[in-house]
Amino acid sequence: MKIIKWALLALLGTVIATLLAIKLIYGMGKPYPDVSTPPLRSDAAPAITLPLPPGMVAAGPQGRIFFTYHPFHRPQDHTEHLIFEWTPGGAVPLAPELAAQLHGVFGITVDRQNRLWVVRPGAMEGRPTQVLAIDIDNGQIAFEHTFPDGMGGFAQDLRVSADGRYVYLADTGLLRFTDAALLVLDTQTKEVRKVLEGHETIAPQNWVMRRTDGSAYRLGYGLVSFQVGVDGLELSEDGDWLIYAAMSHDSVYRVPTALLTNFDSRPEDIENAIEKLGPAPMSDGIALTPAGAVILTDVENGGLAVLEDGRLQTLVALDGVDWADSVTVAPNGDIWFTDSRLTDLLDPFGNPASAEVMKQSAPYAIYRIPAGNTAE
C-alpha cells in the first residue's frame with residue numbers, strides 16, 4: 001500500500017509540476033495597453049441579423065457581400081449551409097450543393113475574377129489544409145488545392161493577387177505552442193512556400209488580451225493565455241504590398257509582394273524589406289479604405305480602429321460587440337464587420353455552446369458603417 005501511495009503522490013507531483021511549467025511558459029504576459037480613443041464614428045449598426053454567430057465577411061468587386069458562420073461554434077451542427085451571399089431578399093446559400101465540402105471554412109476573399117476564395121485549416125479537424133475558389137456566378141469550384149500534411153494547419157486568413165495567380169495565407173500557429181508564418185501559393189505551378197516563420201513581426205508578443213468585460217482572456221481555467229500570431233492580411237490597391245498584423249502584437253507591417261512571389265528570394269531579403277506602418281490594437285481582421293487607411297478590428301474594445309499616417313484611432317466602439325472578427329470595405333466605401341461572439345460563447349477549452357444557449361443568445365449581427373470619411 002505504501003508503494004501505491006508514494007506512486008500516486010509522485011504522479012500528482014509530476015502533474016502539478018507540468019501544469020506549473022505550462023502556466024509559466026504559456027500562461028503569463030502583461031495586460032495590453034488600452035490604445036482606444038474617443039470613436040470617430042457613431043453610426044455603425046446591425047445590417048444583417050443571423051441565427052448563428054458570423055465569422056468572415058467579404059465584399060466583391062461589384063459590391064456583392066458574402067459571409068460565413070464561424071467554425072469555432074460548429075455551425076454544421078445547427079444548419080446545412082455555412083457560406084452565404086447577402087441579397088435584397090436576405091441570405092442566400094452560396095454553392096449549396098458544396099455544403100458538405102465547406103465545413104471548417106475560416107478566411108474568405110473575393111478576387112477580381114469573381115471567385116470566392118476560402119481556406120479550410122486542417123489542424124483542428126485532423127486533415128490537410130485546403131484552399132478552394134468558388135465561381136460566384138455559377139457556384140462551381142474554379143480552383144482546388146490541398147496542402148501537404150502539416151503545412152498551413154492553422155491558416156485562417158487569405159488574400160489573392162489581382163491576376164488571381166498568387167494566394168497569400170496567414171498561418172496563426174497554435175497560440176504560442178507552434179510558430180506562425182506566411183504562406184504563398186502559386187496557383188499555376190501549385191508550388192507553395194513558407195516565409196517569415198516565427199519572425200518577430202509574425203509571432204505573438206507576450207501580452208494578455210482583455211475580454212470586452214475587462215477580464216483577462218485565458219484558456220484552460222487560466223492555464224494558457226490567449227496569444228495568437230499573424231492573422232489579418234490585406235493587399236495594397238496596387239498589389240505591391242502585403243499588409244499584415246499578428247493578433248497579439250502592438251504593430252502593423254507590410255512586405256513587398258514581389259519578394260514573396262519570387263520563390264528564389266532569400267529569407268534575409270524578405271526580412272530586410274519589412275516596413276512598420278504603425279501601432280495596432282489586439283486585432284483580428286484587416287481591410288483598407290479607398291484612401292488607403294488601414295482598418296483593424298479591435299477585439300478588446302468591441303469595434304474597429306483606423307491607422308492613418310502612423311496614427312491609430314478608434315473608428316467605432318459598440319457595447320454589444322463581443323469579438324470584432326472580420327472586416328471588409330465595399331467598393332462604395334461602406335465598411336462591414338462581424339461579431340463572432342468568441343469569448344461570450346466558447347467555454348474555457350474552446351468548446352462551443354449548447355444549441356439551447358446558442359438559441360437564447362441569438363440574434364447575431366454583421367454591422368455596417370455607411371460610406372463617408374473616417375471621421376463624422
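Ala-95 is buried, at a relative accessible area of 4%, where buried means under 20% relative accessible area with a 1.4 Å probe and protein chains only. Its phi is near 50 degrees, a positive value in a residue other than glycine.

Some housekeeping: this is a predicted model, so local features need pLDDT of at least 70 and side-chain atom pairs count only at pLDDT 80 or more, while totals for chains, interfaces and linings use all residues. Residues are numbered from 1 along each chain as its sequence is written, and side-chain values use heavy atoms, with hydrogens and water left out.

Here are the two positive-phi residues, with helices (H or I, at least four residues) and strands (E, at least two) taken as DSSP runs numbered from the N terminus.

| Residue | Phi | Loop between |
|---|---|---|
| Ala-95 | near 50 degrees | strand 6 (90-93) and strand 7 (108-110) |
| Leu-196 | near 55 degrees | strand 14 (192-195) and strand 15 (207-208) |

Leu-196 also counts as buried, at 8% relative accessibility. It turns up again in the largest nonpolar core, which has 19 residues; Tyr-168, Leu-182, Leu-196, Leu-242, Tyr-244 and Leu-260 touch the most other members. Such a core is a set of buried Ala, Val, Leu, Ile, Met, Phe, Trp, Tyr and Cys residues joined through side-chain atoms within 4.5 Å. Apart from it lies another core of 18 residues, including Val-306 and Tyr-367.

Leu-182 has contacts (heavy atoms within 4.5 Å) with Leu-196, Leu-242 and Tyr-244, among others, leaving out residues up to four places away in sequence.

Lastly, a cis peptide bond joins Ala-362 and Pro-363, with omega about 5 degrees. Pro-363 sits in the loop between helix 5 (355-361) and strand 28 (364-369).

Notes: Buried < 20%, exposed > 50% of the residue type's maximum accessible area, 1.4 Å probe, protein only.
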